[in-house]
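Notebook open, model loaded. I want to look up how the sheet is put together and where empty space is left.

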Amino acid sequence: MINVTNLSKFYGAKRALGPVSFQIEDGEAVGFLGLNGAGKTTALRMLACDLRPSSGSISVDGVDAVADPHQVKQRIGFLPEAPPLYPDMTVIDYLRFAAELRGMRKADHARRIPDVLERLQLTDVAADVIGTLSHGYRQRVGVAQAIVHEPKLLILDEPTRGLDPVQIIEMRETIRQLKESHTVLISSHILSEISQTCDRLLILGRGEILGRGTEDELTATQLDVKQVVAMVRAPDDGRDVAGVLGKIPGVTDVAEPRTMHGTLTYVIDCDQDVRAAVGRALVGAGLDLLRLDSVHSELEQTFLRLVGEGGHASN
Amino acid sequence: MRATSIIYRRELAAYLRSPAGWIVAAAALLIEGILFQIRGLSQEQLSADVLRQFFWSMSGVTMFAAIILAIRLVAEERQTQSLVLLNTSPVSDLSIVAGKFLAALTFLGGILALSVYMPLLIKVNGKITASQIIVGYLGLWLLGAAYLAIGLFASALTRHQLLAGVLGALFGGVMVMFYQLGKVLDPPFRDVVSHLDAWWGHFQGGFMIGVISLENVVYYLALTYFFLLLAVKTMEAKRWQ
């Protein structure tokens with residue numbers, strides 16, 4: 001779907017991005033993950049033909065985005081960081097305008113817009129002036145304009161920015177639905193957004209791609225130390241749970257357990273992924289295993305390492 | 001052409017919906033009404049002179065109104081980031097500029113049309129012909145188009161409407177100073193520079209006195225085209241920055 005080769009962007013003498021190369025297949029949901037200023041927005045704007053690259057090539061669905069941007073624009077729906085709305089228009093007029101700009105005929109958008117309104121739960125506010133809507137609704141209208149012309153590729157730049165927790169959950173669900181019918185490219189600096197909605201990640205920092213792959217691939221290649229948390233029901237016979245855990249190969253330390261409501265929670269230091277072994281050992285010892293997980297998000301650790309232990313990217 | 005029409009309809013509706021458009025219209029008509037009363041009706045004059053006074057003051061009002069109407073066209077969209085919708089849709093910068101310009105020109109035409117009662121009063125009470133009025137209004141419309149193009153170019157340069165207004169006023173001001181500048185130059189530069197002037201030679205010496213000439217019409221069309229082209233090129237260049 002997207003083929004990017006040696007793409008770079010300079011603002012004057014300052015490098016904002018690149019050179020970067022990557023491919024995105026049809027039907028994939030790919031996340032651009034990076035700190036603020038990492039070059040995510042610059043990359044997405046170039047993919048959406050809002051900005052011209054300083055060098056390199058972008059091909060979308062086999063069409064060169066620099067040589068033939070109009071063809072590419074017809075295949076793309078773009079939601080920038082700030083939704084491109086006209087506060088003086090009603091929602092339905094705005095969507096008609098967006099559809100017509102993308103070349104849709106009246107009969108087509110008359111059929112399509114009610115579907116889009118329903119899909120994004122905007123039917124009740126269709127006749128409302130955009131300037132009077134809440135931030136969450138505006139964000140949904142932004143998504144609606146991006147999908148109204150049924151594009152193959154959907155580019156969403158920080159789609160949950162500024163939303164409250166309920167709206168974030170709703171937007172996440174919307175994105176999951178959109179994944180079913182579109183190739184989706186999402187940027188975010190919020191790890192949970194990316195990890196919960198995307199199949200594959202591109203981690204950007206200082207204008208370069210620092211890591212790429214699925215969450216498992218990235219964590220497998222980058223993670224060498226872990227903490228695992230295991231919760232068991234407190235045994236009646238006073239068995240030595242820590243002793244069971246300490247014998248597992250790869251476990252380097254077992255902290256004192258936290259006791260709560262008849263359960264024991266152990267934080268286990270290890271030098272490899274020992275979750276499977278911990279599970280087997282505890283169950284094999286006749287203990288009731290209630291919870292087993294990493295203490296921290298593996299992706300979070302991977303991300304922080306890649307971008308330099310949380311240091312902000314320089315661009 | 002279709003994209004131009006879509007953008008034209010949105011922009012015209014935006015003028016009609018926004019208080020800013022109506023405030024500009026009301027202010028332009030109020031100022032012109034006052035000037036017409038002071039300069040045209042307060043003393044005994046030939047009706048042709050009263051009409052000249054009307055077009056003289058109306059041309060200034062038109063230039064200011066055109067700049068003010070135009071400055072929001074691109075700068076406001078950059079500021080609110082709604083321009084991204086146009087930039088990422090399959091429409092050319094030329095279509096964007098043309099649609100916006102034509103909408104502003106239509107609205108300005110509406111303001112001019114609402115002022116027509118003043119020359120009609122002169123016609124009813126004096127001895128002027130309808131063609132004098134029509135030629136004068138053609139001149140105002142062409143002058144307004146040129147100044148809308150100047151304002152649109154200024155608007156394309158920046159995201160700040162105030163700065164766009166200052167730039168538009170500056171460019172527009174320069175365009176009416178060429179005539180004075182030409183006076184202090186020696187031939188052949190005197191003629192060349194004087195002919196670049198947007199008001200003295202082409203409006204005051206032509207449309208304002210009821211004389212229509214191809215040279216003046218071509219001049220205003222060329223001036224409009226030039227600044228619209230600059231606006232298009234500026235929008236294209238911004239994508240590379």
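I began with strand E9 (residues 200-205) of chain A, which pairs with E10(A) in the antiparallel sense over 5 bridges. Pairing here takes at least two DSSP bridges between the strands, and strands are DSSP E runs of at least two residues, helices H or I runs of at least four, numbered from the N terminus. I noted that Gly205(A) has Glu208(A) in E10(A) as its bridge partner.

This is a predicted model, where local features need pLDDT of at least 70, side-chain atom pairs count only at pLDDT 80 or more, and totals for chains, interfaces and linings use all residues. Residues are numbered from 1 along each chain as its sequence is written, chains are lettered from A and ligands numbered from 1 in the order written, and side-chain values use heavy atoms, without hydrogens and water.

Next I traced the open sheet: 6 strands of chain A in the order E6-E7-E8-E3-E9-E10, with mixed pairing. Its edges are E6 (76-79) and E10 (208-213), each pairing on one side only.

Then I checked for cavities (sets of points on a 1 Å grid over the protein atoms alone where a 1.4 Å probe fits but cannot get out; lining residues have an atom within 4 Å of a point). I found 2 of 30 Å³ or more, and the largest holds about 70 Å³, volume being the space filled by probe spheres set on the points, which are joined across faces, edges and corners. Its lining includes Met46(A), Cys49(A), Lys73(A) and, from chain B, Arg239(B).

Methods
On a 1 Å grid over the protein atoms alone, a cavity is a set of points where a 1.4 Å probe fits but cannot get out, and a pocket is an open set with protein on both sides within 12 Å along at least five of seven lines; lining residues have an atom within 4 Å of a point.
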